Amino acid sequence: MTRYPSLLDSVGHTPLVGLPSLSPSADVRLWAKLEDRNPTGSVKDRPALAMVEAAEADGTLTPGCTILEPTSGNTGISLAMAARLKGYRLVCVMPENTSAERTQLLRMWGAEVRYSPAAGGSNEAVRVAKEIASENPDWVMLYQYGNPANIDAHYRGTGPEILADLPSITHFVAGLGTTGTLMGAGRYLREQKPDISIVAAEPRYGELVYGLRNLDEGFVPELYDASVLTTRYSVGPRDAVRRTRQLLDEEGIFAGISTGAILHAALGMASKAIKAGVPADIAFIVCDGGWKYLSTGVYDATDLDAAEAAIEGQLWA
Amino acid sequence: MAVEVSIPTILRTYTGGAKGVEASGATLKAVIDDLEASHPGIAERLLDDAGLRRFVNVYLNDEDVRFLSGLDTEVSDGDSLTILPAVAGGSR
């Protein structure tokens, strides 16, 4: 069905498309789950809507409430759209080193933006948001890093959709941020296909993001359960940018930079399958489109060095 | 087995400011012992009684060692080890 009563009802139900050019053989195939086809253009519409609806259902969110959320962009944009349609005020805490488009999009849907220092990245946004929450006890922080509705959105939506479209799936590859996609879709897929590999691609940023991190004050999302994963890769900016450009050049898919990191891990799985001589159907998440990252210059950079330099110091995933 | 170890900013006080150092050993544990011999104090920042500290991530050729064999993970000549603090994810 492609007709829905409203925009909010149309979240999810995204296409899964094959990658005939990047797939290494007829037996080892890559499949892209186009989450940029959601209402605000990212996979985050799923958890954002699920968290709002869960909070409404348990009475935490009532008409006129203010929602507060630490976000480096996509979740905030999704929440802003949902909050606008449902009549809530939204305050987002975002690291100052995120792309300019994100601020514009948040304000466009009516959200207020407060910035956290660039050094420390999302960890710092979480810390600042927790501070603001303690000063405003009547505000509702949905807190995507610890909210089970985040996982549930993928357990009920993303996972079943992928399995229905690709019953022969052998690998599921997604980004590791809040961990919601991997925990939710991963858990569902493993229940249905016990032998499946669930692979995390974690963005590895430049020095600035880690610079001031004290090893005793790190951050692991409350939702994270390592037992769901088969393995976990750290993907640096150069590989992420290289794969993002390759996805555009060879398959015509215009994706954001975190998708490049995920594709890098997916291609690694494909190489392993080829070496082992076993068939594989590898599904991975396209988190968002490239629109929000155009101002970084990654897409029209003359070469890989210039593209990598373009996102130095940015939170690109 | 000589491997290249990438050191996070916060630990470079132990390596004289070096971003990357060479170390050797057949397993991750042996490599950390070797690091400790050349850069005293660094092991205590990486390990506690239970093994790798909770907020320390170590990647062997970009793969998280917790999904390999942890401290017993075998390393080969020319491998690269990356040590990073755990951080919250990005576009979330």
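**Figure 1. A buried serine, A:Ser122, in a predicted model.** Let us start with one residue of this predicted model. A:Ser122 has 30 C-beta neighbours inside 10 Å, so A:Ser122 counts as buried, since the cut-off for that word is 20 or more. Which helix of chain A holds this serine? A:Ser122 is found in helix 4, which covers residues 121-135. Now look for A:Thr71: this threonine is 51 residues away from A:Ser122 along the chain, yet the C-alpha atoms of the two are separated by 7.1 Å.

**Figure 2. Helix 2 of chain A, from end to end.** This view follows helix 2 of chain A, which has 13 residues, numbered 74-86. From the first C-alpha to the last, helix 2 reaches 18 Å, close to the 18 Å expected at 1.5 Å a residue. Once you have followed helix 2 to its end, stop at A:Gly87, the residue that comes after the helix. The phi angle of A:Gly87 is positive, near 85°.

**Figure 3. What surrounds helix 2 of chain A.** Is helix 2 mostly covered or mostly open? Helix 2 of chain A is mostly covered, with ten of its 13 residues buried. To find them in the model, begin with A:Asn74, A:Thr75, A:Gly76, A:Ile77 and A:Ser78, which are among the buried residues. The list goes on with A:Leu79, A:Ala80, A:Met81, A:Ala82 and A:Ala83. And what covers these buried residues? The cover includes two other helices of chain A, helix 1 (45-57) and helix 3 (100-108). Strand 3 (66-70) and strand 4 (89-95) of chain A are also included in that cover.

**Figure 4. Where the two domains of chain A touch.** The domain assignment of chain A gives domain 1 as residues 8-37 + 157-308, and domain 2 as residues 45-141. Taken over C-alpha atoms, the centres of domain 1 and domain 2 of chain A are separated by 24 Å. How many residues does each domain bring to the contact? Domain 1 of chain A brings 19 residues, and domain 2 of chain A brings 18 residues. On the domain 1 side, the elements that give two or more residues are helix 5 (148-165) and helix 7 (207-211) of chain A. Helix 7 gives the most to that side, with three residues. Sorted by class, the side of domain 1 that touches domain 2 has nine nonpolar, seven polar and three charged residues.

**Figure 5. Chain A as a whole.** Stepping back, you can find ten helices and ten strands in chain A. The radius of gyration of chain A is 19 Å, close to the 20 Å that the globule rule gives for 317 residues, so chain A is as compact as a globular protein of that length. Along the principal axes, the C-alpha atoms of chain A fill a box of roughly 60 × 45 × 40 Å. Of the 317 residues, 54% count as buried.

**Figure 6. Chain B, the partner view.** Chain B has two helices and seven strands. Try tracing them along the sequence, where the pattern reads β-β-α-α-β-β-β-β-β. For 92 residues, a compact globule would have a radius of gyration near 12 Å, and chain B agrees, with 12 Å. The C-alpha atoms of chain B fill a box of roughly 40 × 30 × 25 Å along the principal axes. Buried residues make up 36% of the 92 residues.

How values were computed. Residues are numbered from 1 along each chain as its sequence is written. Chains are lettered from A and ligands numbered from 1 in the order in which they are written. This is a predicted model: local features need pLDDT of at least 70, side-chain atom pairs count only at pLDDT 80 or more; totals for chains, interfaces and linings use all residues. Helices (H or I, at least four residues) and strands (E, at least two) are DSSP runs, numbered from the N terminus. The radius of gyration is taken over C-alpha atoms; the globule rule is 2.2 Å times the number of residues to the power 0.38. A residue is buried if 20 or more other C-beta atoms lie within 10 Å of its own, exposed if 12 or fewer, and partly exposed in between; C-beta atoms are placed from the backbone. Domain bounds come from an automatic or database domain assignment. Two residues are in contact if their C-beta atoms, placed from the backbone, lie within 7 Å. Ala, Val, Leu, Ile, Met, Phe, Trp, Tyr, Cys and Pro count as nonpolar, Asp, Glu, Lys and Arg as charged, and the others, Gly among them, as polar. The expected span of a helix is 1.5 Å times one less than its number of residues.
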